[in-house]
Amino acid sequence: MALDQSFVGRTYPPTAPYEVGREKIREFAEAVGDANPVYTDPDAAKQLGHSDVIAPPTFVFAITFKAAGEVIADPQLGLDYSRVVHGDQKFVYGRPVRAGDRLTVTSTIEGIKSLAGNDILDVRGEVHDEAGELVVTAWTKLVARAAEEA
């Protein structure tokens, strides 16, 4: 069953603040195999003008995807998550994510379409710091595969 087009434009409440820690940044950088010292060494980050270590560009996926979970779990939307695959991801940064940031995410359904029986859901996550500054916008495309014929 196709997702309801009336959900396009629906915005969900901001998440609770997520505090970005140095150790989380280091662990993420190691997991993705990026040895750039700006992710692990505060002095290296400061030499490049940052107040502390910064996170690799895809680090925010963990918090924006968790925030999109509220969209996914919305019973009125009716998305069958057991059929969902991750279709695409993109980020536009206002500034790097830094250790010590306390970030909230507001998710908005930006698009819904059906193609060959598949539902395609586009969710925009706007990530703000405690001062309300837009740090990064992340777009996540989810594809709910069509149910298999019996």
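A residue counts as buried when its relative accessible area is under 20%. With a relative accessible area of 8%, Asp101 is therefore buried, and Arg95, at 9%, is buried too. The model described here is a predicted one, and these two residues offer a convenient way into its side-chain interactions.

The side chains of Arg95 and Asp101 meet in a salt bridge, with 3.0 Å from N to O. Arg95 also meets the side chain of Glu133 in a salt bridge, here with an N to O distance of 3.4 Å. This second pair links distant parts of the chain, since Arg95 sits in the loop between β2 (84-93) and β3, while Glu133 sits in the loop between β4 (118-128) and β5 (134-144), 38 residues apart. Glu133 counts as partly exposed, its relative accessibility being 36%. Through shared partners, salt bridges join Arg95, Asp101, Asp129 and Glu133 into one network.

In total, the structure holds 12 salt bridges. One of them joins the side chains of Arg102 and Glu19, at 3.6 Å from N to O. Arg102 belongs to strand β3 (residues 102-115) and Glu19 to strand β1 (residues 18-19), so this salt bridge ties together parts that are 83 residues apart in sequence. Arg102 has a relative accessibility of 29% and counts as partly exposed. The two residues meet again in the sheet, where Arg102 in β3 is the bridge partner of Glu19.

That sheet deserves a closer look. Strands of a sheet pair through backbone hydrogen bonds, in either a parallel or an antiparallel sense. In this model, 5 strands make up an open sheet in the order β1-β3-β4-β5-β2, and the pairing is antiparallel. β1 and β2 are the edge strands, each of them pairing on one side only. Between β1 and β3, the antiparallel pairing runs over 2 bridges.

Turning to the nonpolar interior, the largest core has 20 residues, and those with the most contacts inside it are Ile25, Val97 and Leu103. Two or more residues of this core come from each of the elements α1, α3, β3 and β5. What does Leu103 touch, not counting residues up to four places away in sequence? Its contacts include Thr15, Ala16, Pro17, Tyr18 and Val20, together with Ile63 and Val97. Leu103 also touches Val127, His128, Asp129 and Val135; of these, Asp129 is a member of the salt-bridge network described above. Another core, of 15 residues, lies apart from the largest one and has Leu3, Ala68, Val123 and Leu142 among its members.

Aromatic rings add a further set of interactions. A pair of such rings is described by the distance of the centres and the angle of the planes. A search of the whole structure finds 3 aromatic pairs. One of them, formed by Phe28 and Phe59, is edge-to-face, with 5.5 Å centre to centre and 85° between the planes. This pair links distant parts of the chain: Phe28 lies in helix α1 (residues 22-31) and Phe59 in the loop between α2 (42-47) and α3 (61-72), 31 residues apart. Phe28 counts as partly exposed at 22% relative accessibility, whereas Phe59 is buried, with a relative accessible area of 6%.

Phe61 and Phe65 form a stacked aromatic pair, with 5.2 Å centre to centre and 25° between the planes. The planes of a stacked pair are under 30 degrees apart, which is why this pair falls in that class. Both residues lie in helix α3, 4 residues apart, or about one turn of the helix. Phe61, at 27% relative accessibility, counts as partly exposed, and so does Phe65, at 21%. A ring also takes part in a contact with a charge: the charged end of Lys90 sits over the ring of Trp139, 4.9 Å from its centre.

Finally, Gln5 illustrates a contact made from the segment before β1, where this residue has its place. Gln5 counts as partly exposed, with a relative accessibility of 46%. The C-alpha atoms of Gln5 and Ile109 are separated by 9.9 Å, although these residues are 104 residues apart along the chain. Gln5 touches Ile112 and Lys113, not counting residues up to four places away in sequence.

Note on methods:
Residues are numbered from 1 along each chain as its sequence is written. This is a predicted model: local features need pLDDT of at least 70, side-chain atom pairs count only at pLDDT 80 or more; totals for chains, interfaces and linings use all residues. Side-chain values use heavy atoms; hydrogens and water are left out. A salt bridge is a side-chain nitrogen of Lys or Arg within 4 Å of a carboxyl oxygen of Asp or Glu. Buried means under 20% relative accessible area, exposed over 50%, partly exposed in between (1.4 Å probe, protein chains only). Rings of Phe, Tyr and Trp (its six-membered ring) pair if their centres lie within 6.5 Å; planes under 30 degrees apart count as stacked, over 60 as edge-to-face and the rest as tilted. A charge sits over a ring if NZ of Lys or CZ of Arg is within 6 Å of the ring centre and within 35 degrees of the ring normal. A nonpolar core is a set of buried Ala, Val, Leu, Ile, Met, Phe, Trp, Tyr and Cys residues joined through side-chain atoms within 4.5 Å. Contact means heavy atoms within 4.5 Å. Two strands pair if DSSP finds at least two bridges between them.
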